Amino acid sequence: MTAAIAKSTAHSIVESTPRAKAVAGSLVILYAVITILPLVWIVATAFKSQSDAIAYPPKVLFQPTLEGYVNLFTVRTRQTPDFIAKLPPPETWYDKLVRQHDMVIAGPSKVVPRFVNSLIIGFGSTFLAVFLGTLAAYAFSRFRIPLADDLLFFILSTRMMPPVAVAIPIYLMYRQLNLTDTRLGMILLYTAVNVSLAVWLLKGFIDEIPREYEEAALVDGYTRLQALRKVVLPQAVTGIAATAIFCLIFSWNEYAFAVLLTSGEAQTMPPFIPFIIGEGGQDWPAVAAATTLFVVPIVLFTVLLRKHLLRGITFGAVRK
Amino acid sequence: MTTILQPDHVTIPGVSEPAKSRATRRVRGLSDRAIAWLFVAPTIALLLAINIFPLVWMIRLSFTSLNLSMSYLPLRFVGLDNFTDILTDEDVWFRLQTTAQFVISSVALQVVIGFGLALLINRQFRGHSFWTTMILLPMMLSPAVVGNFWTLLFQPQIGPFNYLISLFTGVPPSSFSMTGEVALAPWTIVLVDTWMWAPYVMLICLAGLRSIPDYIYEAAEVDRASAWRQFWSITLPMTVPFLMLAVLFRAIENFKMFDMVNLLTSGGPGSTTELVSITLKRAAFEKWRTGYSSALAIILFVTVFGAANIYVKVLNKVKQR
C-alpha cells in the first residue's frame with residue numbers, strides 16, 4: 001500500500017495529483033464506513049422489536065418501534081390476557097405498547113438513578129480534577145519547584161497502574177472508611193486518576209501563555225493570585241474546557257473501578273448496561289437503547305474536541 | 001521542600017531593570033514560594049492518599065496470607081511465599097504469555113492500519129476532516145459498553161458479523177463463533193481492540209507527517225530522489241518518534257486491558273483470552289485471595305512502571321523536536 005502512495009507522490013509531494021487524492025479518499029471513506037457500521041447497528045437495534053433484534057438472518061430493514069426504550073426505562077410483569085382485558089384502557093402510549101406483549105408496567109427501572117450517578121460522579125470528579133490540576137499546572141509552569149520533573153513523572157505514573165491492581169487496596173481502604181459503593185468514594189478515586197491528565201495537559205496550555213502578560217499585571221500592582229485570576233485564567237479558558245471534557249469522558253466511560261467497587265447505590269452506567277436483562281437473556285433492544293443514550297454525548301464531545309484531541313490522548317506530548 | 005522553592009527568574013524583554021525590581025517589590029499578598037507550595041500540595045496529597053498509601057498497604061499485604069473470604073483467620077505473614085508461588089506458577093506464565101501475544105499483535109496491527117490511514121489522510125482529499133472524525137469515534141467510546149455490544153454482533157446465528165463473513169466467503173454463519181472458539185477468540189479481542197485504537201495511532205502519525213516541512217520534500221525533488229527513496233529517508237524516519245510514542249502508549253494500555261475483554265469473552269473460552277488483569281480480578285475479587293493478588297499486582301506495577309519510565313524518556317525526546 002505504501003509503495004503505491006509513494007509512487008503517486010513523485011508528481012509533487014506537497015500537492016498530490018487528483019488521482020492520488022481520489023484513491024486515498026475512497027480508501028479512507030471505505031475504512032470509515034466499515035468502522036461506523038457497528039455503531040449504526042447499535043442505534044438501529046435500539047429501534048427493533050425483541051424478535052427483530054435476534055432474527056436470523058439479521059434484519060437490515062424492520063418496522064421501527066420504541067419498545068427498546070420503553071423496556072429500558074420500565075420494569076414489567078407478565079399477566080394473563082384476561083387480566084389485561086379487565087384493566088382500564090391504557091393511559092399512555094407506552095402502557096399500550098407494553099400491553100401488546102401481555103405485560104403491564106410495574107414501575108421505573110434503575111436506569112435513571114444509574115444515569116444520575118454517572119452524571120454526578122462524572123461532573124464531580126471533573127470539577128475537582130480540573131480545579132486541582134489548574135493550580136498545580138500553574139505552579140509547575142511558572143515557579144521553580146524542586147524536583148519538578150520527578151514530581152510530574154510521579155503524577156503521571158499513578159495513571160499507568162492497572163486499574164484492577166489499584167482496586168485491591170482501594171477496596172480494603174474504602175471498607176474501613178465506609179466509602180465502598182458511595183458516590184463520594186468514586187468521585188475521589190476518579191479525581192485522583194484524572195488529576196494526572198489535568199496537570200499534564202494544563203501545564204502545556206499555561207506554558208503557551210506568554211509570561212509577559214502576568215509580569216505586566218504584577219508591575220501594575222496585582223498580586224500573584226489576582227494576576228492568575230484576571231490574566232492567566234481567561235487566556236487558558238479553551239485549554240481548561242478541553243481538559244474538562246477529557247476528564248469527563250474518562251469518568252463517564254470508566255468500567256473497571258466501577259464494576260469492582262460499586263454494586264448499587266453508586267453504580268454508574270458502564271457496569272449497569274450489560275445487565276439489562278429481559279425474559280431469557282439480554283434484552284438487546286433495551287441494551288442498544290441504553291448504549292445509544294450513553295454514547296451520544298461522547299460523540300458530540302468528540303466533534304467539539306477535534307482540535308485538541310491529539311493533545312488530550314498524548315498527555316500534551318504532541319501538539320498541532 | 002518548601003524552603004528551597006524559588007520564584008522563577010526570567011528576563012523580560014522590554015522591561016528595564018528598575019521596572020523589574022519595582023515589580024518584585026510591589027508584589028503583595030502571598031509570596032511566590034507559598035503559592036507554589038499551596039498549589040501543588042493538594043494534588044500531591046490526593047495522590048498520596050488514593051494511590052500511594054493504598055500501594056504501601058498492599059505491599060504489606062503481599063507478604064501475608066490474607067484471604068477476605070476467611071478474614072476471621074489471624075493475619076499471618078508468609079514472607080516471600082506469594083511471590084515465589086506466582087513466579088513458579090505455570091498458569092501465571094501462560095497468562096503473561098497470552099497478554100504479551102495480545103499486546104504485540106494488537107499494537108502491530110494498529111501501527112500498520114494507523115500509519116497507512118495517516119498516509120492516506122495526509123493526501124488532503126476533499127472532506128478528509130469529516131471522515132477523520134468518523135474514524136476517530138470508536139476510541140472515544142467506553143470499551144466496556146461497546147465491548148458488551150460486540151457480543152451481539154459476534155453471535156454465531158443472529159449476529160451481523162458472521163452473516164457478513166458468510167456473504168463474502170460462503171462459510172455458513174452458524175459454523176463458527178468468534179468469541180466461543182479457542183482458535184478465534186484471541187483474534188477477536190485483537191480485532192475489537194484494533195477497531196477501537198487504530199485511530200489513535202493514526203492521529204499521532206498524522207501529527208508526525210504534518211510536522212515534516214514541505215521544503216525537505218522540495219529539496220529531495222530537486223535532487224531527483226525517487227518517491228520510494230523519499231518515503232524511506234524522509235517520511236518514515238521523521239514519523240518514527242511519533243510512532244514510538246503511540247506504540248508505547250498502546251502497549252501500556254493494552255497490558256492493563258480489562259474492560260473490553262472482560263465483557264467480550266471474560267477470558268474464555270477456557271482461558272484462551274485470560275489476560276493478567278482478568279487473572280488478577282479473579283484472584284482478588286472472586287477467590288478473595290488478597291495476599292496472593294497483592295503480590296501479583298505488585299509484579300504488574302513494577303512491569304508497568306518500568307515501561308512508563310521508557311515512555312516518559314521517549315515522550316521527552318519527541319517534545320524536544
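Let's start at B:Leu75, which touches B:Thr64 and B:Leu66 once residues up to four places away in sequence are left out. Everything I say here comes from a predicted model, so please keep that in mind. Where does B:Leu75 sit along chain B? In the loop between H2 and helix H3 (81-87) of that chain. Buried or exposed, then, for B:Leu75? It counts as exposed, because there are 11 C-beta neighbours inside 10 Å, and the cut-off for exposed is 12 or fewer. One more distance for this loop: B:Leu75 and B:Ser65 are 10 residues apart along the chain, and their C-alpha atoms are separated by 6.9 Å.

Now let me step back to chain B as a whole. Its secondary structure amounts to 13 helices and one strand. Reading from the N terminus, the order is β-α-α-α-α-α-α-α-α-α-α-α-α-α, so you meet the strand and then the helices. Chain B has 321 residues, and 42% of them are buried. If you take the contacts in chain B between residues at least 6 apart in sequence, 73% of those join residues at least 24 apart.

For a contrast with our exposed leucine, have a look at helix H12 of chain B, residues 276-285. This helix is mostly covered, with eight of its 10 residues buried. The buried ones are B:Val276, B:Ser277, B:Ile278, B:Thr279, B:Leu280, B:Lys281, B:Ala283 and B:Ala284. Notice that a lysine, B:Lys281, is on that list.

On to where the two chains meet. How many residues does each chain put into the contact? Chain A gives 98 residues and chain B gives 101 residues. On the chain A side, the top contributor is helix H2 (residues 18-45), with 16 residues. By class, that side of chain A has 73 nonpolar, 15 polar and 10 charged residues.

Here is one helix pair from across the chains. Helix H10 of chain A, residues 183-207, packs with helix H2 of chain B, residues 32-61, at an angle of about 135°, and their axes are 10 Å apart. That angle is why H10(A) counts as oblique to H2(B). The crossing of the two is left-handed. From H10(A), the residues making the contact are A:Leu188, A:Leu189, A:Thr191, A:Ala192, A:Val195 and A:Val199, and from H2(B) they are B:Thr43, B:Leu46, B:Leu47, B:Ile50 and B:Asn51. Sorted by class, this contact has eight nonpolar, three polar and no charged residues.

H10(A) has a partner inside its own chain as well. Helix H8 (residues 148-160) of chain A packs with H10(A) at about 135°, with the axes 8 Å apart. These two are therefore oblique to each other, and the crossing is left-handed. On the H8(A) side we find A:Ile155, A:Leu156, A:Thr158 and A:Arg159, meeting A:Ala192, A:Val193, A:Ser196, A:Leu197, A:Val199 and A:Trp200 in H10(A). The classes here are seven nonpolar, two polar and one charged. If you are following on the structure, A:Ala192 and A:Val199 take part in this contact and also in the one with H2(B).

What about the opposite hand? Try helix H11 (residues 211-219) and helix H12 (residues 224-253), both of chain A: their axes come within 10 Å and cross at roughly 140°. That makes this pair oblique, and the crossing is right-handed. A:Tyr213, A:Glu214, A:Ala217 and A:Leu218 of H11(A) are in contact with A:Ala227, A:Lys230, A:Val231 and A:Val232 of H12(A). Here the count is six nonpolar, no polar and two charged residues.

Let me finish in the core. The largest nonpolar core has 180 residues, and those with the most contacts inside it are A:Ala139, B:Leu203 and B:Ile204. Which helix supplies the largest share of this core? H10(A) again, with 16 residues. Looking at B:Ile204, and leaving out residues up to four places away in sequence, we see it touching A:Leu310, A:Thr314, A:Val318, B:Phe242, B:Leu245 and B:Ala246. One of those partners, A:Leu310, lies in helix H16 (residues 309-313) of chain A. A:Leu310 is buried, because 20 other C-beta atoms lie within 10 Å, and 20 or more is what the cut-off asks for.

How values were computed
Residues are numbered from 1 along each chain as its sequence is written. Chains are lettered from A and ligands numbered from 1 in the order in which they are written. This is a predicted model: local features need pLDDT of at least 70, side-chain atom pairs count only at pLDDT 80 or more; totals for chains, interfaces and linings use all residues. Two residues are in contact if their C-beta atoms, placed from the backbone, lie within 7 Å. Helices (H or I, at least four residues) and strands (E, at least two) are DSSP runs, numbered from the N terminus. Ala, Val, Leu, Ile, Met, Phe, Trp, Tyr, Cys and Pro count as nonpolar, Asp, Glu, Lys and Arg as charged, and the others, Gly among them, as polar. Axes are lines fitted to C-alpha atoms, for helices over the stretch in contact, and angles run from 0 to 180 degrees between N-to-C directions. Angles under 35 degrees count as roughly parallel, over 145 as roughly antiparallel, 65 to 115 as roughly perpendicular and the rest as oblique. A crossing is left-handed if the near helix is turned anticlockwise from the far one by less than a right angle, and right-handed if clockwise. A nonpolar core is a set of buried Ala, Val, Leu, Ile, Met, Phe, Trp, Tyr and Cys residues joined through C-beta atoms within 7 Å.
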